[in-house]
Amino acid sequence: MKNIRFRHSIFFKLNLIFLLAIIALVSTFVITVREIKIQQTRMLENHALDAEARIRKIILKSRNNLEKSLRKEGFWIIEHPEKINAKLTPLLQPPPPTIPLGLKRRIEDGRLRFYTDGTHLFIQLSGPKGSRMIATSIEAYRLKWIIVFFIGILSTIVLLYWTMRRSLKPLRKLAEQIQRFGEGDMSISTKSAKQDEIAFVANQFDAAAKKIRFMKEARTLFMRNIMHELKTPITKGKLGVALMEENDISNMLRRAFSRMEQLISEMAKVESITSKSLELQMKRCDLHKIIEDATTLLFVEPEKIRLSCQPCIIEADCEMMTIVIKNLIDNALKYGDDDKLDIHYTKGTLEVINKGKPLVRDFKAMVEPFAKGLPDDTQKASNESFGLGLYIVKSILEAHGATLSHYYKKGRHHFVITGIRPAV
């Protein structure tokens with residue numbers, strides 16, 4: 001999963017969704033608690049004003065036994081208010097504008113004070129004869145149920161997040177195995193014993209990978225058996241032709257056996273490349289030496305190749321690069337209008353240039369295996385070509401991390417190799 005950008009990852013999206021869910025839950029909790037506290041304060045203030053009005057009525061009616069009258073109505077007098085004042089929270093400070101003006105003035109000049117400790121309401125009355133604190137019980141408003149509810153929802157979200165992460169964890173392993181399979185590792189296994197959708201995909205891919213592996217092994221075995229079985233009669237045939245008298249028939253047979261031997265060699269290269277078993281031996285290669293070896297394989301005079309290079313030393317698999325240059329030279333001489341061609345190399349780009357007529361097929365189609373269709377599509381070209389040359393060139397270059405392209409300009413074909421590194 002190295003090629004997946006972090007912000008496009010399903011794990012990033014999952015983390016983001018759950019993070020936003022937790023932020024939303026915490027925000028809702030904070031806003032709810034704040035609103036409840038505001039409502040609680042308002043209710044407590046209203047209760048305090050109501051209690052003060054009731055106390056005034058009791059004081060006006062009960063002149064002799066005030067304490068008994070207060071207790072009868074649920075109030076009591078605090079004997080030592082100085083001992084609890086430090087633990088109390090003041091109410092109606094400052095007084096809201098909605099309360100009566102006389103009451104507001106009494107609160108502002110200190111003749112009337114309201115306090116609470118969460119479970120009791122304290123009303124302090126001050127006058128010329130002294131001060132008195134009266135208390136009453138209030139219903140405590142608890143936030144425990146909200147906190148419990150919040151913790152329950154948060155725990156559910158965390159548990160759901162953990163469960164989903166655990167369920168999606170095999171997806172990361174499956175992606176890694178698929179990537180290894182795509183890189184040519186046929187030994188991977190994605191079989192899963194689970195019953196979810198990811199396990200279903202993993203098992204289906206495992207079955208497909210096993211089938212592909214079996215088909216590849218069967219193809220490789222088939223190709224090797226064919227090449228092995230053909231080499232023996234070809235060798236015997238070549239020996240038999242060597243003992244024959246020199247004439248047209250012997251020459252024709254010699255060419256036929258040579259072409260069959262060349263076909264087997266090309267098939268071996270194709271099998272090696274397509275099965276991804278081609279291991280490059282990267283080293284310093286001299287372009288002069290590569291072209292010399294290529295012309296030797298083609299029985300072509302070196303003078304027909306005009307080389308210009310700067311630098312002339314590249315880093316590549318010299319044997320494979322010789323096959324690339326050989327096939328491009330063979331292609332140029334076989335289908336060109338001239339028996340000479342130019343090769344230029346500079347700054348990682350190599351061009352093989354030859355005169356010729358325009359291509360009659362799209363170049364992308366011509367680099368596929370067994371593709372033919374160069375200018376004129378002559379009978380000679382069809383007989384001498386297996387349609388594998390450009391495909392082998394393209395495959396070898398891809399193994400080098402290079403690319404092959406083509407353009408036609410002013411009566412000349414330009415086969416361009418990009419990505420061949422100069423030797424350091």
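Here is a short chat about a predicted model, taken one piece at a time.

Me: What average pLDDT does the protein have?
Reply: Let's begin with how sure the predictor is. Of the residues, 90% score at least 70. The protein's average pLDDT is 83.

Me: Which residues have a pLDDT that stays under 50?
Reply: There is one stretch to read with care. The model has 14 contacts beyond four places in sequence for it. The stretch where pLDDT stays under 50 is residues 374-383.

Me: In what order do the strands of the antiparallel open sheet of five come?
Reply: Start from the outside: β1 (75-78) and β2 (89-91) are the edges, and each has a single partner strand, so one side of each lacks a neighbour in the sheet. Neighbouring strands here are turned by 30° against each other on average, direction ignored. Reading across, the order is β1-β5-β4-β3-β2.

Me: Which residue in β5 stands opposite Trp-76?
Reply: Look at where β1 meets strand β5 (residues 130-137): the two pair in the antiparallel sense over four bridges. Within β5, the residue opposite Trp-76 is Ala-135.

Me: At what angle to β4 does helix α1 run?
Reply: Helix α1 covers residues 10-61 and lies across β1, β2, β3 (112-116), β4 and β5. Helix α3 (residues 101-108) also packs on this sheet, touching β3 and β4, and its direction makes about 75° with that of β3. For α1 against β4, the angle is about 50°.

Me: Why do the buried residues of α3 line one face of the helix, and within what arc do they fall?
Reply: The buried ones are Leu-103, Arg-106 and Ile-107. Look down the helix axis and they sit within a limited arc, so they line one face. They pack against α1, β3 and β4. The arc is 100°.

Me: Which exposed residues does the face of α3 turned away from its buried side carry?
Reply: Turn the helix over from Leu-103, Arg-106 and Ile-107, which are buried. The face turned away from them carries Leu-101, Arg-105 and Glu-108.

Me: Which residue with a positive phi follows α3?
Reply: Follow the chain on from α3, a helix of residues 101-108. The residue to look for has a phi near 90°. That residue is Gly-110.

Me: Is Gln-124 buried or exposed?
Reply: Gln-124 lies in strand β4 (residues 120-127). Leaving out residues up to four places away in sequence, it touches Arg-111, Leu-112, Arg-113, Tyr-115, Ser-131, Arg-132 and Met-133. Its relative accessibility is 14%, and the cut-off for buried is under 20%. So Gln-124 counts as buried.

Me: Which strands are the edges of the mixed sheet?
Reply: This open sheet has five strands in the order β7-β9-β10-β12-β11. Neighbouring strands are turned by 15° against each other on average, direction ignored. An edge strand pairs on one side only, and here the edges are β7 (305-310) and β11 (403-409).

Me: What is the bridge partner of Lys-355 in β12?
Reply: Strand β10 (residues 349-355) pairs with strand β12 (residues 412-418) in the antiparallel sense over seven bridges. In β12, the partner of Lys-355 is Arg-412.

Me: What angle does the direction of α8 make with that of β9?
Reply: Two helices belong in this picture. Helix α7 (residues 287-298) lies across β7, β9 (341-346) and β10, at about 160° to β7. Helix α8 (residues 318-335) packs on the sheet and touches β7, β9, β10 and β12. With β9, the direction of α8 makes about 145°.

Definitions and conventions
Residues are numbered from 1 along each chain as its sequence is written. This is a predicted model: local features need pLDDT of at least 70, side-chain atom pairs count only at pLDDT 80 or more; totals for chains, interfaces and linings use all residues. Side-chain values use heavy atoms; hydrogens and water are left out. Two strands pair if DSSP finds at least two bridges between them. Axes are lines fitted to C-alpha atoms, for helices over the stretch in contact, and angles run from 0 to 180 degrees between N-to-C directions. Contact means heavy atoms within 4.5 Å. Buried means under 20% relative accessible area, exposed over 50%, partly exposed in between (1.4 Å probe, protein chains only). The arc is that of the directions from the helix axis to the C-beta atoms. pLDDT is the predictor's confidence in each residue, from 0 to 100.
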